[in-house]
Amino acid sequence: EVYRGGEKPMDFAYLNAVTRSTFMPPYDPWFAGGFLNYYYFGQFMVAVLIRLTGIVPEVSFNLAVPLFFALSVGGAFSVSYNLAEAARRALPRPSPAWGPVLAGIGGAALMGVLGNLGGLVQLGRSAQRALTPAWEAVQVSPERLGQVLERVPQTFSQATLGHENYWDPSRMIPQSSPDIPTPITEFPFFTFLFADLHAHLLALPLTILAIGLALAAAFALGRRLGFSHLVGPVLGLGLGVGALRATNAWDFPTYLVLGAAAVAVARLARRDNPLGVLVWSGGTLAAVYLLSGVLWGPYLETNVAFYTKLVPSPEQTPLVSFLGIYALPVFLLVSVLALGLRLAIAVPILSRLAPAMGLVPEAVAVGERPSRDAVALLGLLAGVAALTFLGYATVALCLVLLTGVAGLVLFREAPLHHRFALLLAGTALALVAFVDFVAIDDHLVRMNTVFKLYLQAWVLLALVGGYFLWWLGHQGAFSRLRQISWKPLWAAGLVLLVLAAAVYPLLAIRARVADRFAPLPLTLDGMAYMDTAVYSDDGAPYWQDVGPFPLAWDKGGIQWLRGNVDGSPVVLEASIPEYRWGSRVSVYTGLPTVIGWNWHQRQQKGVDVNDWAVWRRQGDVQALYDSTSIERARELLSQYSVEYIYVGPVERAYYSPEGLAKFQRMVGSDLALVYAEPGEEPQVTIYQVVRPS
């Protein structure tokens with residue numbers, strides 16, 4: 001079977017290299033002699049804990065995933081709780097203190113526990129598979145219907161619990177063309193369930209920290225505490241937003257702007273004039289940007305951002321996909337906007353239409369301004385119609401929602417906490433609309449752009465979702481509805497959406513746990529599977545001579561290197577296609593190899609800049625293993641400062657026996673045999689290069 005490791009091999013290689021490196025920036029384990037040109041600060045944070053505790057990396061990796069989950073969920077609780085608590089204290093009548101706690105729990109659940117509707121879609125498909133035999137039996141022989149129906153529960157259970165594809169909900173946008181990679185639509189629960197220590201996972205607590213700091217800055221201004229009370233949050237934003245740049249650079253622009261927007265919202269709540277709002281927000285933006293640059297200067301000096309160009313997006317997100325991803329938080333947002341229309345002075349015609357539809361009382365409708373309002377409404381409707389006709393239906397919906405959000409944010413009487421919550425929701429909608437127009441030119445079209453920005457949108461909508469739940473329910477906002485019959489309908493819709501979002505975690509956990517090389521008891525040891533797992537790769541040129549082999553052979557060689565090699569000498573190992581059992585030595589030791597995963601290195605070194613260097617190294621690795629010339633081998637070993645040569649079953653499957661045989665001939669002159677896997681015919685041998693002192 002093909003090794004299904006996702007990005008785990010890369011992440012583990014980088015974690016081991018950062019832990020092992022004695023200098024910063026860390027050396028690149030997949031590009032010997034080079035340095036990591038990657039946002040590696042997340043791995044650095046974990047490496048610090050590894051060095052402090054002495055816990056081996058293969059265990060630390062599996063401790064870090066739940067740690068960052070806990071940090072993310074705890075941060076989500078804090079933001080949602082504080083928004084609701086600020087609203088509770090502003091109420092004219094006392095309100096129970098447990099209300100904000102429930103808001104915090106709701107925000108934490110929306111952020112890190114619930115999924116999208118992909119699980120419900122799969123549940124429907126399972127039901128269809130289970131009921132199809134019954135339907136066919138009715139058509140052929142009605143008397144057999146009873147016998148078939150008896151088997152439906154068992155068939156449905158097997159189809160649902162045994163074949164749940166936990167992967168599909170992370171690809172909710174269908175592929176429109178074979179030439180365009182499928183966009184990634186991950187959400188936090190999938191991210192933690194899949195358990196890659198990838199940049200987007202490691203950055204989640206930091207993004208929530210940035211939101212909390214932005215909220216602190218807004219509250220400091222809203223309470224008129226003075227400039228000195230703003231210094232702390234701004235310094236924190238400079239450090240936190242800068243950390244995002246070094247952990248997951250995609251988050252940096254969003255939270256840089258969000259910090260400035262939070263200050264703008266606070267100044268609006270203080271009824272500052274437009275110039276004052278602009279000066280304060282612009283000053284905050286400049287201060288946070290400069291602070292992040294100064295505080296993270298050493299990282300920025302050694303990191304090169306190759307992908308900063310925007311290109312037109314070749315496709316757009318179908319509306320049904322957007323709703324399948326964000327149905328629950330969008331439902332809450334629409335509910336808040338519908339009730340907030342009674343305050344919408346910024347969009348008065350909507351306020352006048354609302355009483356006619358029975359949404360809000362007549363008494364709060366805004367005065368007549370028919371001509372201007374009619375033009376505004378017609379302009380909005382025309383824009384929505386045009387976008388929908390051009391294939392931008394998702395953008396059209398976002399435009400409608402953003403109009404409502406803007407109207408409530410600009411309403412003079414809106415409290416600061418409500419404005420801030422709407423700001424987060426509006427930012428999420430803007431991100432969703434953005435990716436339908438442009439994408440980052442990283443040679444993957446919009447796959448990564450959707451991936452990174454949709455994940456940001458999920459977090460923002462989830463945090464305000466907890467607050468919206470409290471605002472809609474506990475504050476008693478629905479008691480203002482003229483038609484009480486809407487309340488049970490709304491509550492039923494909310495319950496159904498929550499249950500639909502809960503389908504994925506309930507079913508995917510079992511399927512994810514079952515997706516492994518070999519059955520194992522409960523363990524934190526990330527290398528335990530090697531003891532019993534067997535690997536096959538029939539795409540290798542010499543596979544017929546090797547066949548399936550136990551990973552225990554490689555584990556022995558890897559453990560020898562980990563226990564006997566000091567420093568960070570270069571190890572030569574096979575360079576084969578990604579997502580297979582190649583680069584396993586550099587992955588599990590952190591020692592640098594000549595070249596690791598080709599595509600990942602080309603991305604991180606710049607496809608348009610250093611593409612040739614990666615391909616040259618891959619060719620040189622093949623020459624080192626395949627060539628029968630000892631002189632050529634000496635030349636290349638010296639060029640890349642190779643100190644150890646690893647020959648295992650992967651090397652024998654991908655490179656010629658004649659080429660591999662030369663290493664044995666070099667023993668005694670150029671090489672020393674330092675490890676041979678126990679047995680009459682060692683399956684793994686490690687040679688050390690012998691050079692004159």
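This passage describes a four-stranded sheet and a pair of packed helices in a predicted model.

The sheet is open and is built from 4 strands, which follow one another in the order 5-6-8-7 with mixed pairing. Strand 5 (570-572) and strand 7 occupy the edges, and because each of them has a single partner strand, one side of each remains without a neighbour in the sheet. From one strand to the next, the twist averages 25 degrees. Helix 21, which comprises residues 552-564, packs on this sheet and touches strand 6, strand 7 and strand 8, and the direction of the helix makes about 160 degrees with that of strand 6.

Strand 8, formed by residues 685-689, is mostly covered, with 4 of its 5 residues buried. In the order of the sheet, strand 8 stands between strand 6 and strand 7, and its pairing with each of these can be described in turn. Strand 6 (residues 642-647) runs antiparallel to strand 8 and is joined to it by 4 bridges. Within this pairing, Ile-645 has Tyr-687 of strand 8 as its bridge partner, while Tyr-644 stands opposite Gln-688 in strand 8. Strand 7 (residues 671-676) is likewise antiparallel to strand 8, and here 5 bridges join the two. Gln-688 of strand 8 also has Ala-672 standing opposite, so that Gln-688 is faced by Tyr-644 and by Ala-672. In general, the strands of a sheet pair through backbone hydrogen bonds, in either a parallel or an antiparallel manner.

Elsewhere in the chain, helix 2 (residues 41-53) and helix 3 (residues 57-90) are in contact, their axes coming within 10 Å and crossing at roughly 125 degrees. Since angles over 115 degrees that do not exceed 145 fall outside the perpendicular and antiparallel classes, helix 2 and helix 3 are therefore oblique to each other. The crossing in which helix 2 passes helix 3 is right-handed. On the side of helix 2, the contact is made by Met-45, Val-46, Leu-49 and Ile-50, and on the side of helix 3 by Pro-57, Ser-60, Ala-64, Leu-67 and Phe-68. Classified by residue type, the contact of helix 2 with helix 3 contains 8 nonpolar residues and 1 polar residue, with no charged residues.

Definitions and conventions
Residues numbered from 1 in each chain as written. Predicted model: local features only at pLDDT ≥ 70, side-chain atom pairs only at ≥ 80, totals over all residues. Heavy atoms only, no water. Buried < 20%, exposed > 50% of the residue type's maximum accessible area, 1.4 Å probe, protein only. Pairing = 2+ DSSP bridges. Axes fitted to C-alpha atoms, helices over the stretch in contact; angles between N-to-C directions. Contact = heavy atoms within 4.5 Å. Parallel < 35°, antiparallel > 145°, perpendicular 65-115°, else oblique. Left-handed = near helix turned anticlockwise from the far one by under 90°. Nonpolar A, V, L, I, M, F, W, Y, C, P; charged D, E, K, R; others polar.
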